[in-house]
Structure formats: C-alpha cells, structure tokens
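Here is a quick walk through the cysteine links and a couple of other spots worth a look. Have the viewer open as you read.

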Amino acid sequence: MSTFCNQFSDNFTQTSTYETNRETVLSSLRLRSSLGSYSNATAGISPDTVRGMFLCRGDISETSCSDCVQTATLEISRNCTYQKEAFIFYEECMVRYSDSSFFSLVDERPYIIRYSLSYAPNLDRFPQTLSDKMDELIINATSSPSLSSTPYFLEDQERVKQFEGSFDIDTMAQCSPDLDPRNCTTCLKLAVQEMLECCNQSRWAQIFTPKCLLRYEATALSSPPPPYPSPPPPSSPLFSPLLPSPPLFKRPQTASAFSGSSSINVIKGNKSFGRFFIAVMTAYVSILLGVGM
C-alpha cells in the first residue's frame, strides 16, 4: 500500500465543510464498490467541492474489488488527515480524491511499479519483444472500449517462439472509463515508457497510475530432456576386469540468487507531493526514489 498526500494543496480543518464532503465522497465510493470496477463521486459546492474515484483491476472479482476499495477509502483519510488531495494505491485498486476536477484528464504521476527480481527468459531479446507486445496490446485495448463489460480492459496470452527458447507472456492493460480512447492511449503509452525504463528485464511487472495500469508476466517453457544414449554392448566376462566402484560425491545445492516471489516496489510522486506513506508487506522490499523525480 502506498499513499500520496499533496502537501502543497490547501489544507482543511477538522469539522470543516470540506471534511464532511470528503467523507460523503469516500462513503459513496464504498457503497458503489460492489457494483463494478470503476466509479466516481462529487459532493459540495465551491470552494469545498470534493471529487473522488476508484479503479479496480479488471481481472479481480467484485468481492475483491469491494474489499480493496473499502480498505483504501478508510486508509486514505487516516494517512492524509487534512490534505485536500490524495491518492492511495493497492495491488488490486486505486482510490483518489481532490478539490480539483480530474475527470477525463490523464495524470502521469504519482504511480507505483512492482516488479520481479527474477530475470525474464531470452534476456537479450526480451525488452524488444515486450515493447512490441505492449504496443499491440494498447491498440487492441483502446480500439473497442464499449465491447467489453469492463471498458478499456484487455487480457492477452501469447506463446513466443524464438531460437533461444519458447515462453508464454501474459499481458493486461486497463484505463479508467472516464478517459476517451485518445487519452487512454496516451496514459498507457506513458505507463509503458516508465515500465520499460524501470524493469524490461524482469520476469513480471505491474505499473499503476491514477488513470491506467499495465502488467505482464513471462513464463519460460521447459525443454524436453534429451534422449538417453544407447547402452554400450555387453562385454565378454572373460575380459572384463573387476574394478572397485568409484566413491559417490553429491554436489551441494546452492540457493538461487533470486526467488521468483521476490519483488521490488518503485514509487514516484508528483512534484506537488511533499510526503507519502508506504507500508510494504512481508517478503517485499521498498525502494524510495524520492518525490519530485
């Protein structure tokens, strides 16, 4: 979980009209979280207007989406007590609120990337393979947004056959439904750029921005074992000397340098965000690249 609080936005005071409107918006998002993967809400009049939204990954169940949004809406108000703008990211959902209108707009930051410490297969060719696959995925995800029950959501699996070996690559792209196809394309292309700069040699990665998300996972296919050589013809017992059996030596097993379950979180904030809260679950490592980067 990562929370970004805008320290440069205006603050509000406890028991103020803005606080009441914020709680109204967050409560509305909680109620709507069981109805779909996206919703937005607005409460109040200027200068105390609050706008909010949530976006869940399109591949999770309604129950998982609702659980994630329920938790996120409670945590964001605890972590960003008096800030008028904030974001919170979980692996399965994102929630935000603001005193400024953000509907239909692309926001590149803040964002969070999670990626594996294990290397991708066919490492020399994988970055270009991944780039080509993401370009294709974006075109398909944004070409027919109204044909899916979850707009701007697409999952794909492809078997890549190369000289170095074959592997399966699972990919997913999703945009917030308030974007038009052009802005969805822009959001996903910006996300791909950040992902390729960060972790184009990782076996899997996911980036979550305020308006879109991408993820991929590559799985190498096991090669069939080579056939056993034919046994040598039996030798004549008259000419086969009895030799002592050689001692058996067992090579010690060494642990792999990288575990497939290990991952790193990369968090980047907007220049306007002065602090954020990061809570990392066990078995994960956080890397803080600093706000304003």
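## The Cys68–Cys93 link

Start with Cys68 and Cys93: in this predicted model, the two join in a disulfide, with 2.0 Å between their sulfur atoms. The torsion about the S-S bond is -85°, and the link of Cys68 and Cys93 is left-handed. It's a link between distant parts of the chain: Cys68 belongs to helix α2 (residues 62–79), Cys93 belongs to strand β5 (residues 93–98), and the two are 25 residues apart.

Are the two ends buried or exposed? Cys68 has a relative accessible area of 9%, which is under the 20% cut-off, so Cys68 is buried. Cys93 comes in at 0% relative accessibility, so Cys93 counts as buried too.

## The Cys175–Cys184 link

Next up is the disulfide of Cys175 and Cys184, where the sulfur atoms sit 2.1 Å apart. What hand does the link have? The torsion about the S-S bond is about 90°, so the disulfide of Cys175 and Cys184 is right-handed.

Both ends are out of reach of the probe by the numbers: Cys175 is buried because its relative accessible area is 0%, and Cys184 counts as buried with a relative accessibility of 0%.

## The Cys187–Cys212 link

Cys187 and Cys212 make another disulfide, and here the sulfur-to-sulfur distance is 2.2 Å. This link is left-handed, with -90° about the S-S bond. Cys187 sits in helix α4 (residues 181–199) while Cys212 sits in strand β10 (residues 212–220), so the disulfide ties together parts 25 residues apart in sequence.

As for accessibility, Cys187 counts as buried at 2%, and Cys212 is buried with a relative accessible area of 0%.

## The full set of cysteine pairs

How many disulfides does the structure hold? Five. If you number the bonded cysteines of the chain in sequence order, you get the pairing 1-5, 2-3, 4-6, 7-8, 9-10.

Two more cysteines to check in the viewer are Cys198 and Cys199. Cys198 has 30% relative accessibility, so Cys198 counts as partly exposed, whereas Cys199, at 2%, counts as buried.

## Around Ser34

Now over to Ser34, which you'll find in the loop between α1 (17–32) and β2 (38–43). Ser34 has a relative accessibility of 39%, so Ser34 counts as partly exposed.

Which residues does Ser34 touch, once you skip those up to four places away in sequence? Ser34 is in contact with Glu62 and Ser66. From Ser34 to Ser64 the distance is 9.0 Å, C-alpha to C-alpha, though the two are 30 residues apart in sequence.

## Strand β1 and its partner

Last stop: strand β1 (residues 2–5). In a regular strand, side chains take turns between the two faces of the sheet. Strand β1 is covered on both faces, with Ser2 and Phe4 buried on one side and Thr3 and Cys5 buried on the other.

Strand β1 runs antiparallel to strand β4 (residues 86–89), and four bridges join the two. If you want one pair to pick out by eye, try Thr3, whose bridge partner in β4 is Ile88.

Definitions and conventions:
Residues numbered from 1 in each chain as written. Predicted model: local features only at pLDDT ≥ 70, side-chain atom pairs only at ≥ 80, totals over all residues. Heavy atoms only, no water. Disulfide = S-S within 2.5 Å. Buried < 20%, exposed > 50% of the residue type's maximum accessible area, 1.4 Å probe, protein only. Contact = heavy atoms within 4.5 Å. Pairing = 2+ DSSP bridges.
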